Each structure stands twice: as structure tokens, then as C-alpha cells.
Amino acid sequence: MLDKVAGFEAGAHVTGVRWLDGTAAFALGDGGVLLDRAGERRRVEAHPDAGALVVAQAGKRLLTGGDDGRIAATAADGTVETLVDEKGRWITALTARDDGAFAWATGKRVSARDAKGREAATEVPATAQGLAFAPKGFRLAIAHYNGVTLWFPAVENGTEQLMWKGSHLDITVSPDGHYVVTSMQENTLHGWRLADGKDMRMAGYPAKTRSLSWSHDGEWLATSGAEAAIVWPFAKGGPMGKPPRECGVRPAVVTQVAFHPTALVLAAGYADGAAMIIRLTDAAELMVRTADEAPVTALAWDRKGTRLAFGTEDGEAGILTLP
Amino acid sequence: MSDKISSDKIPVTVLTGYLGAGKTTLLNRILSEEHGRKYAVIVNEFGEIGIDNDLVVGADEEVFEMNNGCICCTVRGDLIRIIEGLVKRRGKFDAIIVETTGLADPAPVAQTFFVDQDVAARTKLDAVVTVADAKWLSERLKDAPEAKNQIAFADVILLNKTDLVTPEELEEVVGRIRAINPYARLHKTQRAAVPLAEVLERNAFDLDRILTLEPAFLEEDDHDGHDHHHHDHEHGENCGCGHDHHHEHEHAHGHHHHGGLKHYHDEHMQSVSIVIPGDVNPDRFLPWVNDLVQRDGPNILRSKGILSFRGEPRRFVFQGVHMIIEGDLQREWKPDEKRDSRIVFIGRDLDEKAIREGFLACAA
């Protein structure tokens with residue numbers, strides 16, 4: 001499998017990667033975006049003199065939020081457009097979806113812009129650490145200290161609180177819209193079943209979970225933060241009382257997870273720089289990248305699931321092309 | 001995390017001080033002086049400093065409780081997030097300075113660097129530097145618990161605006177500081193003028209840089225409190241070579257003794273220093289000190305110790321912030337070095353008698 005990988009220098013900390021159709025777009029800590037189309041690479045300056053700190057994908061554009069207070073949209077052809085300028089306030093969280101709608105946070109203030117360009121803003125009780133769109137309707141889940149705020153940006157006073165003590169970091173909503181899951185400062189996950197507000201606690205991680213990925217059928221949630229990808233079963237009533245699967249056990253903490261878009265195959269990147277893909281049905285493992293020290297910080301499948309892009313903290317990158 | 005990353009941790013200086021003491025003046029000096037270093041500065045208020053060359057980040061001072069069963073264990077949530085972001089911009093700066101508001105307790109900031117494993121893997125707390133106003137500190141120590149915390153917590157204290165007080169007033173305020181914290185390095189300054197090497201990259205939290213736990217009373221006597229022209233001279237003891245200067249301090253102390261540093265006793269905040277002239281038994285000491293900081297951690301702001309374990313050629317050094325304590329065997333005792341065991345606690349309403357008895361019972 002290693003010979004199907006094209007490796008190259010991205011030049012700076014890879015803070016995220018997304019596929020814009022056939023082009024892999026690597027967001028970089030030095031403010032650049034590296035575009036790779038079938039091995040042909042070019043770099044564009046999305047955040048001159050700043051860094052691309054948070055990353056999302058809005059349709060066919062890569063969105064990056066920087067410490068310059070800007071959200072830049074980079075297209076596969078290298079054009080860069082400034083969508084938001086918060087005048088130097090860090091963009092602390094960012095999310096987007098296929099229709100082009102996106103949402104961002106600067107401290108406690110959360111703003112959302114829909115596909116037609118209509119904008120709304122709200123304030124949450126503490127700094128918004130994570131943002132995720134619900135799959136249906138124009139609704140946003142916001143993780144912050146002591147809980148989650150659910151917000152309908154198009155509705156006046158359209159917020160609802162889910163409380164749980166502690167600092168909530170990243171957030172995801174299940175593809176069926178039934179569950180909200182956050183990662184927490186204390187190396188746990190917390191979940192809510194939205195139908196009845198029932199709490200779920202998913203604990204036992206040695207490190208913080210900073211990467212979450214749903215399987216294509218929505219039945220599994222893969223998570224980083226342990227010396228294996230921890231995969232929680234969400235079919236039929238959720239993970240309560242069920243043990244998770246541990247995939248890709250290695251002597252290094254998993255830092256990135258990415259489920260394949262059409263099959264029960266998971267890609268995992270590790271703190272020692274290794275990356276592998278694991279088939280859930282038979283636990284078969286394929287090494288994609290060998291360990292070299294710097295943690296894997298970005299991992300993404302293309303839409304068809306034939307290519308996997310990855311990047312590391314010290315600026316290495318690569319693309320695996322499946323036969 | 002891998003060794004490659006942990007080997008070059010980013011030093012972090014925490015800058016505290018009551019409102020109006022001169023923090024911003026010091027910060028502007030750090031940012032404007034030619035020193036060839038680039039700083040990322042985390043400030044609580046934008047606008048007061050304006051330097052293009054360095055990274056300036058606004059913070060919200062969000063103090064989070066950790067749900068880990070440790071009641072005094074608070075961290076700065078915004079700081080964790082900012083450092084996570086700064087790590088992605090590694091290479092743009094050499095060190096980080098965190099400025100806190102005048103009313104802030106330094107503990108959550110300091111604890112962030114020990115409690116959050118991602119922050120601890122990338123950065124190291126270098127020192128807590130407190131800027132104090134010579135004219136108003138004595139008053140603030142009476143009415144503002146934050147001011148007292150900031151003095152108690154400090155590794156380095158800049159007693160600023162000394163031109164605004166009489167020599168007698170200065171002596172009194174120094175006495176009040178020393179009643180709370182006899183161990184910090186104290187610099188008497190005007191307009192925060194101090195050689196930056198006295199403030200930055202002090203390694204105050206590095207176990208292998210804790211060389212001695214002598215009270216710093218002895219070290220400040222090369223200052224002449226009556227002579228304001230000497231406000232920004234170099235401190236001889238601070239050249240980084242440690243013990244060699246020790247004699248000079250004692251001489252300085254000797255000839256200046258007639259000046260008579262006033263001794264104050266602060267009712268609530270004090271330091272306790274206990275020496276065992278010899279070895280301790282680690283099997284008794286380690287459980288004792290752990291229990292002590294677990295039980296009294298909320299009141300213990302800072303702790304340090306250098307211990308001689310029986311049969312162990314190396315010095316055991318520990319330091320702590322509230323309930324968080326870390327210790328390790330460090331360099332070997334030198335042949336001419338007296339193998340004493342010394343501990344120091346700075347805190348509120350410490351039960352000195354109980355601590356003393358507990359520690360003395362650990363003697364080997």
C-alpha cells in the first residue's frame with residue numbers, strides 16, 4: 001500500500017485538508033493553502049502573514065479561519081475570496097456545509113451565513129469551542145463551557161441549551177440528527193439523545209478527542225484520543241451500554257480519524273506520524289504511512305473514496321490512491 | 001507526544017500585577033527593545049500595546065473548573081485554545097507572554113501549563129512576574145486579596161514607581177512583600193526599567209534550575225533603596241551561574257544589615273520554610289507531601305523543596321502550584337555541598353506547626 005502513496009512537503013503545519021472534487025486542498029499554519037491536482041501543486045496565500053487555524057468545506061471551496069480574523073474561501077482553481085473580516089479577532093471555530101452555508105465563532109459570538117448570504121449572530125455563555133450544522137434544517141450546534149447551545153439562526157430567540165458541566169471542545173451531530181456528541185477537556189466524550197435529552201458519557205480516553213467521524217451509514221462514530229481509533233455503535237438506540245470497537249491498535253495515540261464515504265473503512269492518523277486504513281468488517285489493516293515522529297494533523301477522503309489525503313504537524317503531506 | 005516536540009517547548013512568561021502597577025509599560029518595553037527574540041503576547045485588553053512585529057492575541061480570561069475531583073484545579077480555557085492555535089504558527093515566535101488582568105488570580109494560568117496535557121507537551125511555564133506599585137501596594141495588600149495572591153505567587157517581582165515614594169515608604173512596602181514572599185527576586189524600578197534578562201526566560205519552574213531555597217532577603221541588598229539613580233542596574237547574582245555569587249550576597253547582607261529591613265507579619269498569607277539538617281526518608285516524605293497538598297492544596301499557592309534522600313547521590317527537587325506537584329531526582333550533590341533537606345510553602349493560613357511536625361517526622 002505504501003507504494004500507492006505520493007508524499008511531498010507541504011511546508012508548514014497542515015491544519016486541515018479537504019477535497020475540492022479532484023483537487024486536494026491543504027490548509028497551512030503559515031497562512032497558505034497548497035492545492036494538489038493529480039500531483040501538480042500550487043500554493044496560494046489565503047492568510048498573508050497569518051495562519052489558517054480552523055478549516056471547513058463549503059461546497060466546492062475550502063474555508064479557512066485565521067488569526068488575522070478573516071475567513072478565506074479558496075477554490076480549486078486557486079482563487080481566494082475573503083468572506084468575513086473580524087478585524088483581528090481570531091476565528092476560533094468554523095463549520096460549513098455543501099450548499100455553501102457556513103458558521104463561525106469569535107469568542108462567545110457565533111455567526112451564521114446561509115447559502116443565500118443572509119447572516120445572523122448570537123452569543124453563547126462562554127467561548128464557542130466547536131460548531132456543527134445539524135443535517136436537517138438550518139440549525140447549528142455550538143459547544144462551550146458547561147454545555148451545548150442549539151441555535152436556529154433564522155428564528156428569533158431560536159436557542160436551546162443542553163447542559164453538562166465542564167469544558168466542551170469539538171462537536172458533531174449524528175447524520176440522522178438524533179444525537180449530539182462533544183469531546184471534553186477531561187478526555188471524555190459527552191452525548192445527548194435529542195428526543196429525550198438523555199445524557200451519554202463515553203470515557204476512558206488517555207488523551208483529548210480532537211477528531212470525530214461518522215460512518216457513511218451513520219451507524220458508527222469513530223473518535224481519536226486513544227491508542228486505537230475508538231468506534232462507538234450508534235445503530236438502534238445509540239451506544240448506551242454497548243462497548244466500542246477498537247480499530248488500529250498501535251503504541252501511539254490516534255490524532256485523526258476519517259471514515260470512508262461509501263464503505264465501512266476507517267482511516268486513522270497517529271501521534272507518531274503513522275497512518276493506516278482499517279476495514280471494520282474483518283479488522284484488516286493497511287499501513288498508509290510509517291511512523292516518523294510528527295503527529296498526523298489532517299486526514300480526508302475524496303468524495304468517491306478512492307483517494308486519501310493527509311498532512312502532519314511538521315509539514316509533510318501525502319495522497320494515497322487506491323487501486 | 002514525541003520527543004522531537006517536547007524537546008523544544010515554548011517558554012511562557014506570566015505577567016501579573018494590580019491595576020495601574022505598570023504591566024503595560026513593562027510589556028511595551030519587552031516588545032520594543034532590541035533583543036532579537038519574537039514574542040507572541042496574549043493580552044486581556046486590545047489596544048494598549050501596538051507593536052506590529054509580534055503576534056498579539058486577545059484573551060477572555062475564561063477560568064474553567066476541571067471535573068477531575070480536584071476542587072482548586074482551575075485552568076484558563078481560552079489559553080488552552082490560544083496555545084493550540086499558536087502551536088500551528090510555530091516558527092513565527094520564540095516565546096509567549098501571557099498578561100493577566102489586574103484582578104486575576106495567577107493560579108489558573110499557571111495550572112493550565114501542568115493540567116492540560118497538550119499545552120504541557122508544547123510549552124513550559126517559565127516564571128510568574130508580578131509588577132507592583134510601590135506607592136499603592138501596601139494599601140492593596142490590605143484590601144485586595146488579588147494583589148496578595150499575585151505577590152505570593154511571583155517568581156520575580158518588579159516593585160515599580162519607586163520614585164513616587166520616600167525611602168521609608170519603600171522600606172515598608174519591601175517588608176510587606178517579604179512577609180508574604182521572601183523567595184521571589186525583587187527589583188526596585190521606575191517605569192518598569194529592568195534588564196529584560198531579569199524577567200524573561202528565568203526557568204523558575206524547571207526542577208533542575210531550582211538551585212537553592214534561601215530567602216531572597218539576602219539578594220536585594222546590592223540595591224540602595226535611597227539611591228534612585230541605580231534603579232536599572234544589573235543584579236550581580238543573576239548571571240545564571242548560581243552558587244558562586246552566594247558569598248557576595250552574604251557580604252552585602254552583612255554590611256547593609258544596619259539598614260534594618262523591617263519585618264512584617266501578614267495575617268493570612270505567609271511562607272513556611274523548614275530545614276532538616278540531613279537526610280529524609282522518601283518512603284515517609286513522599287506520601288506526606290502528597291497528602292499535604294491534596295488536603296491543604298487550596299491554601300498552598302506555591303511549594304518548593306530540595307531534599308536529600310538517604311543513600312541517594314542525587315538531589316530530589318520538587319515544586320508545586322496548589323494541588324499540582326512535580327518532583328524528580330536531579331543533579332548529584334557536590335562534595336562540598338551540605339546535604340540539607342529544605343521545603344518552602346507559600347500560602348494562606350498555613351498551619352505551620354502541623355507542617356513542621358509532619359516534615360520533621362520524615363527525617364531519616
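1. Let me start with a sheet in chain A: strands 24-25-26-27 make an open, antiparallel sheet of 4 strands in that order. (Strands here are DSSP E runs of at least two residues and helices are H or I runs of at least four, numbered from the N terminus; two strands pair if DSSP finds at least two bridges between them.) Strand 24 and strand 27 (285-289) of chain A sit at the edges with a single partner strand each, so one side of each has no neighbour in the sheet. From one strand to the next the twist averages 20°, with axes taken as lines fitted to C-alpha atoms, for helices over the stretch in contact, and angles running from 0 to 180 degrees between N-to-C directions.

2. A word on the basis of all this: it is a predicted model, where local features need pLDDT of at least 70, side-chain atom pairs count only at pLDDT 80 or more, and totals for chains, interfaces and linings use all residues. Residues are numbered from 1 along each chain as its sequence is written, while chains are lettered from A and ligands numbered from 1 in the order in which they are written.

3. Back in that sheet, strand 25 of chain A and strand 26 (residues 275-279) of chain A are antiparallel and share 5 bridges. If you want a register check, A268(A) has M276(A) in strand 26 of chain A as its bridge partner.

4. Have a look at A263(A), in the loop between strand 24 (254-259) and strand 25 (265-270) of chain A. A263(A) counts as partly exposed because 15 other C-beta atoms lie within 10 Å; 20 or more would make a residue buried and 12 or fewer exposed, with C-beta atoms placed from the backbone. H216(A) is 47 residues away from A263(A) in sequence, yet their C-alpha atoms are 6.9 Å apart.

5. Chain A has another open sheet of 4 antiparallel strands, ordered 20-21-22-23. Its edge strands, pairing on one side only, are strand 20 (212-214) and strand 23 (245-247) of chain A. Here the twist averages 25° between one strand and the next. Strand 21 (residues 220-223) and strand 22 (residues 229-233) of chain A are held in antiparallel register by 4 bridges, and A222(A) is opposite V231(A) of strand 22 of chain A.

6. On domains: the assignment (bounds from an automatic or database source) splits chain A into domain 1 (2-9 + 100-321) and domain 2 (10-91). Their C-alpha centres are 20 Å apart. In contact terms (C-beta atoms, placed from the backbone, within 7 Å), 22 residues of domain 1 of chain A meet 26 residues of domain 2 of chain A. On the domain 1 side, strand 29 of chain A gives the most, with 4 residues. That side has 10 nonpolar, 7 polar and 5 charged residues; Ala, Val, Leu, Ile, Met, Phe, Trp, Tyr, Cys and Pro count as nonpolar, Asp, Glu, Lys and Arg as charged, and the others, Gly among them, as polar.

7. Between the chains, 25 residues from chain A and 20 residues from chain B make the contact. Strand 16 (residues 159-173) of chain A supplies the largest share of the chain A side, 3 residues. By class, that side comes to 7 nonpolar, 11 polar and 7 charged residues.

8. Chain B, finally, has 11 helices and 14 strands, and 43% of its 364 residues are buried. Helix 7 (residues 145-153) of chain B is largely enclosed by the rest of the structure, because 7 of its 9 residues are buried. Among them are K148(B), N149(B) and F153(B).

Methods
Two residues are in contact if their C-beta atoms, placed from the backbone, lie within 7 Å.
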